[in-house]
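Student: I have a protein model open and would like to learn how to read it. Can we go through it step by step?

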Amino acid sequence: MRKLWQTVLSWVRANSRILWVLVLLLGVDRLTKRLTLEFLTKQDIIVAPYLHLRYVQNTGAAFGIMQGGNLLLIVITLLIIGYLLKNWRELCAYGPLVKWGLVLILGGALGNLYDRISLGFVVDFIDLRVWPVFNAADSFITVGGVLLAWALIFSGKTPKREEE
């Protein structure tokens with residue numbers, strides 16, 4: 001456990017700008033979920049024909065898989081976050097798109113982890129009517145995954161030295 005804390009503290013010291021972006025991502029996620037809990041628990045809001053705001057308690061993962069698997073999903077999320085922090089420098093050596101993709105994934109994972117631990121489920125609220133209901137953290141993870149995939153596919157998979 002001590003080694004884990006040393007890794008986390010070392011990462012925070014070396015990446016203070018990234019930490020501010022993570023705080024911003026978590027703030028957006030918490031604010032939108034707080035507003036959802038305050039205003040959407042009794043009724044949906046129709047923004048446009050294909051965009052509804054609707055409160056959903058998600059005890060599973062993406063697309064509704066593993067419903068009721070909250071504890072397992074907490075453990076998996078913690079393992080992923082630990083892996084990202086432990087291997088941060090090596091992963092970011094692939095370039096800035098990988099780094100920012102990882103920041104988005106980490107921010108989204110932390111946002112949903114907070115829900116899972118504090119509420120026992122993830123608050124979802126964006127309903128596109130043709131897609132499972134999702135939230136801001138899910139969007140961060142998705143955009144981060146796309147950036148990561150794009151960078152790794154088109155980078156030639158050769159690590160670059162970070163110049164920060």
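Tutor: What follows is a set of short questions and answers on this predicted model.

Student: In what order do the elements of the protein chain run from the N terminus on?

Tutor: The protein chain holds 6 helices and 3 strands. Read them from the N terminus on, with α for a helix and β for a strand. The order is α-α-β-β-α-α-α-β-α.

Student: What is the radius of gyration of the protein chain, and how does the globule rule help us read it?

Tutor: Begin with the elements, which run α-α-β-β-α-α-α-β-α. For 164 residues the globule rule gives 15 Å, and the chain comes close to that, so it is as compact as a globular protein of that length. The C-alpha atoms fill a box of roughly 50 × 40 × 30 Å along the principal axes. The radius of gyration itself is 17 Å.

Student: What share of the contacts between residues at least 6 apart join residues at least 24 apart?

Tutor: Take contacts in the protein chain between residues at least 6 apart in sequence. Then pick out those that join residues at least 24 apart. Their share is 67%.

Student: What share of the accessible surface belongs to carbon and sulfur atoms?

Tutor: Start with the whole accessible surface of the protein chain, about 10500 Å². Then take the part that belongs to carbon and sulfur atoms. That part is 68%.

Student: Is K33 buried or exposed?

Tutor: K33 sits in helix α2, which covers residues 16-39. Buried means under 20% relative accessible area. K33 has 0% relative accessibility, so it counts as buried.

Student: Which residue forms a salt bridge with K33?

Tutor: Look at what K33 touches beyond its sequence neighbours: G111, N112, D115, V122, V123, F125, N135 and A137. In the salt bridge of K33, the closest N and O atoms are 3.0 Å apart. One partner lies in helix α2 and the other in helix α5, so the pair ties together parts that are 82 residues apart in sequence. The partner is D115.

Student: How far apart in space are K33 and D115, C-alpha to C-alpha?

Tutor: In sequence, K33 and D115 are 82 residues apart. Their side chains make a polar contact of 3.0 Å. That value belongs to the side chains, while the question is about C-alpha atoms. From C-alpha to C-alpha, the two are 9.1 Å apart.

Student: How long is the salt bridge between D115 and R30, N to O?

Tutor: The side chains of D115 and R30 meet in a salt bridge. D115 is in helix α5 (residues 96-119) and R30 is in helix α2, 85 residues apart. D115 is buried at 0% relative accessible area, whereas R30 is partly exposed at 23%. From N to O, the distance is 2.6 Å.

Student: Which strands hold R54 and D127?

Tutor: The side chains of R54 and D127 form a salt bridge of 3.0 Å, N to O. The two residues lie in separate strands, so the pair ties together parts that are 73 residues apart in sequence. R54 lies in strand β2 and D127 in strand β3.

Student: Which of these two partners is buried, and which is partly exposed?

Tutor: The cut-off for buried is under 20% relative accessible area. R54 has 29% relative accessibility, and D127 has 4%. So D127 is buried, and R54 is partly exposed.

Student: Which residues are joined into one network by salt bridges that share partners?

Tutor: D127 counts as buried at 4% relative accessibility, but its name is not in this network. Salt bridges that share partners make the network. The members are D29, R30, K33 and D115.

Student: Which side chain makes a polar contact with the side chain of H52?

Tutor: H52 is found in strand β2 (residues 51-58), and it is buried at 10% relative accessible area. H52 touches I45, I46, F125, I126, D127 and R129, leaving out residues up to four places away in sequence. The polar contact spans 3.3 Å. The partner is R129.

Student: What is the area of the nonpolar surface patch that includes L128?

Tutor: L128 lies in the loop between β3 (122-127) and α6 (136-154). L128 is partly exposed, with a relative accessible area of 31%. Other members of the patch include Y50, F63 and W131. The area is about 1000 Å².

How values were computed
Residues numbered from 1 in each chain as written. Predicted model: local features only at pLDDT ≥ 70, side-chain atom pairs only at ≥ 80, totals over all residues. Heavy atoms only, no water. Helix = DSSP H or I, 4+ residues; strand = E, 2+ residues; numbered from the N terminus. Buried < 20%, exposed > 50% of the residue type's maximum accessible area, 1.4 Å probe, protein only. Polar contact = N/O pair within 3.5 Å; in protein donor to acceptor, adjacent residues only side chain to side chain. Contact = heavy atoms within 4.5 Å. Patch = residues over 30% accessible without salt bridge, like charges linked within 9 Å, V, L, I, M, F, W, Y side chains within 5 Å. Areas by Shrake-Rupley, 256 points an atom, 1.4 Å probe, with all protein chains shown as cover. Salt bridge = Lys/Arg side-chain N within 4 Å of Asp/Glu carboxyl O. Rg over C-alpha atoms; globule rule 2.2 N^0.38 Å.
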